[in-house]
Amino acid sequence: MHDLARALADQLHPGAAPRDVTVNFGARRQAPIEYRSRGRGGPVTVYAQALHAALYGLPTPDESLPTALDALLQATHTATAPKQKTAVLRQVAEQLRNAAEIIQRYQYRAQWDRFPTDVAEQLATAHDQAQQIAQALDRVAPAFSHQPTTDTTPRARAAHGQSATTLVTSPPSPAPRHR
């Protein structure tokens with residue numbers, strides 16, 4: 001698999017590190033329209049792993065998600081299966097917990113080194129917020145394992161409860177600002 005990633009990265013520049021290379025796929029203009037309306041892309045390492053699994057009939061492990069946030073961001077573009085989307089959110093939550101721990105260490109360091117009080121307080125706030133976001137992602141991630149079957153947004157619920165002749169209006173747009 002690593003050899004495939006290296007070969008794909010070499011297509012950009014010989015010796016390029018696979019972790020630094022992304023790929024984008026699209027259809028040529030002569031292709032049928034159903035192929036031209038789509039494109040995909042992402043980290044070359046993810047595509048190498050998928051290609052390796054497809055060529056040799058191997059399962060693709062769920063733990064193949066990158067851990068670096070920039071690579072994980074790229075993986076969101078290739079995560080199409082519901083379980084992949086859930087796994088990406090769980091990995092982001094895990095990275096936020098790691099970030100919270102880093103922030104807490106710097107908070108303690110700021111207190112130890114007697115930085116201004118507001119520095120440690122802001123770091124404590126950032127730590128708490130990172131933990132809250134990680135917990136929220138843990139709660140919502142399973143929802144991405146299943147595709148919703150109905151539109152359950154408040155606007156859809158309100159429209160469903162109204163008669164067919166009632167118009168659903170959008171909120172007024174803000175007044176233009178003058179310079």
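1. Helices and strands are here DSSP runs, with at least four residues of H or I for a helix and at least two of E for a strand, and they are numbered from the N terminus. With that in mind, Arg 114 can be placed in the loop between α5 and α6, and the elements named below can be found in the structure, which is a predicted model.

2. On the overall layout, the protein chain contains 7 helices and 2 strands, and, read from the N terminus, its elements follow the order α-β-α-β-α-α-α-α-α. Of its 179 residues, 21% count as buried, and the chain exposes about 14000 Å², of which carbon and sulfur atoms supply 56%. Among contacts with a separation of 6 or more, 50% are made by residues 24 or more positions apart.

3. Confidence should be kept in view when reading the model, since the protein chain averages a pLDDT of 77, with 74% of the residues scoring at least 70. Among the elements, helix α6 (residues 117-140) has the highest mean pLDDT, at 95, and helix α7 (residues 154-161) the lowest, at 54. Over residues 162-179 the pLDDT is below 50, and this stretch has 6 contacts in the model beyond near neighbours in sequence.

4. Helix α3 covers residues 44-56, and its 13 residues reach 18 Å from first C-alpha to last, close to the 18 Å expected at 1.5 Å a residue. Its buried residues are Val 44, Tyr 47, Ala 48, Gln 49 and Ala 53, whereas Leu 55, which also lies in α3, counts as exposed because its relative accessibility is 54%. Leu 55 belongs, with Leu 51 and Tyr 56, to a nonpolar patch on the surface whose accessible area comes to about 330 Å² together. Just after the helix, Gly 57 takes a positive phi of about 65°.

5. Helix α5 (residues 82-112) has 31 residues and reaches 45 Å from its first C-alpha to its last, close to the 45 Å expected at 1.5 Å a residue. Its buried residues include Val 88, Leu 89, Ala 93, Ala 100 and Ala 110, and what covers the buried residues of this helix includes α4 (69-76) and α6.

6. Two buried residues of α5 deserve a separate look. Thr 86, which lies in this helix, is buried because its relative accessible area is 2%, under the 20% limit; leaving aside neighbours within four places in sequence, Thr 86 is in contact with Ala 141, Pro 142, Phe 144 and Ser 145. Gln 95, found in the helix as well, is buried with a relative accessible area of 16%, and its C-alpha is 7.7 Å from that of Leu 69, although 26 residues separate the two in sequence.

7. Tyr 106 of helix α5 counts as exposed, because its relative accessibility is 56% and the limit is over 50%. From Tyr 106 to Ala 124 there are 9.3 Å in space, C-alpha to C-alpha, and 18 residues in sequence.

8. The structure holds 4 salt bridges. In one of them, the side chains of Glu 94 and Arg 97 meet at 3.4 Å, N to O, and these two residues are separated by about one helical turn because they are 3 residues apart in helix α5. In another, Asp 138 and Arg 97 meet at 2.7 Å, N to O; this pair links distant parts of the chain, with Asp 138 in helix α6, Arg 97 in helix α5, and their positions 41 residues apart. Glu 94, Arg 97 and Asp 138 are thus linked in a network of salt bridges. Glu 94 is partly exposed at 35% relative accessible area, as are Arg 97 at 31% and Asp 138 at 32%.

9. A further salt bridge joins the side chains of Glu 101 and Arg 105 at 2.8 Å, N to O; both residues lie in helix α5, 4 residues apart, about one turn of the helix. An α-helix has 3.6 residues a turn, so residues three or four places apart point the same way. Glu 101 counts as partly exposed at 41% relative accessibility, while Arg 105 is exposed, with a relative accessible area of 57%.

10. The last point returns to the loop after α5. Arg 114 has a positive phi of about 60° although it is not a glycine, and most residues other than glycine have a negative phi. Arg 114 is exposed, with a relative accessible area of 75%.

Technical notes: Residues numbered from 1 in each chain as written. Predicted model: local features only at pLDDT ≥ 70, side-chain atom pairs only at ≥ 80, totals over all residues. Heavy atoms only, no water. pLDDT = per-residue confidence, 0-100. Contact = heavy atoms within 4.5 Å. Buried < 20%, exposed > 50% of the residue type's maximum accessible area, 1.4 Å probe, protein only. Expected span 1.5 Å × (residues − 1). Areas by Shrake-Rupley, 256 points an atom, 1.4 Å probe, with all protein chains shown as cover. Patch = residues over 30% accessible without salt bridge, like charges linked within 9 Å, V, L, I, M, F, W, Y side chains within 5 Å.
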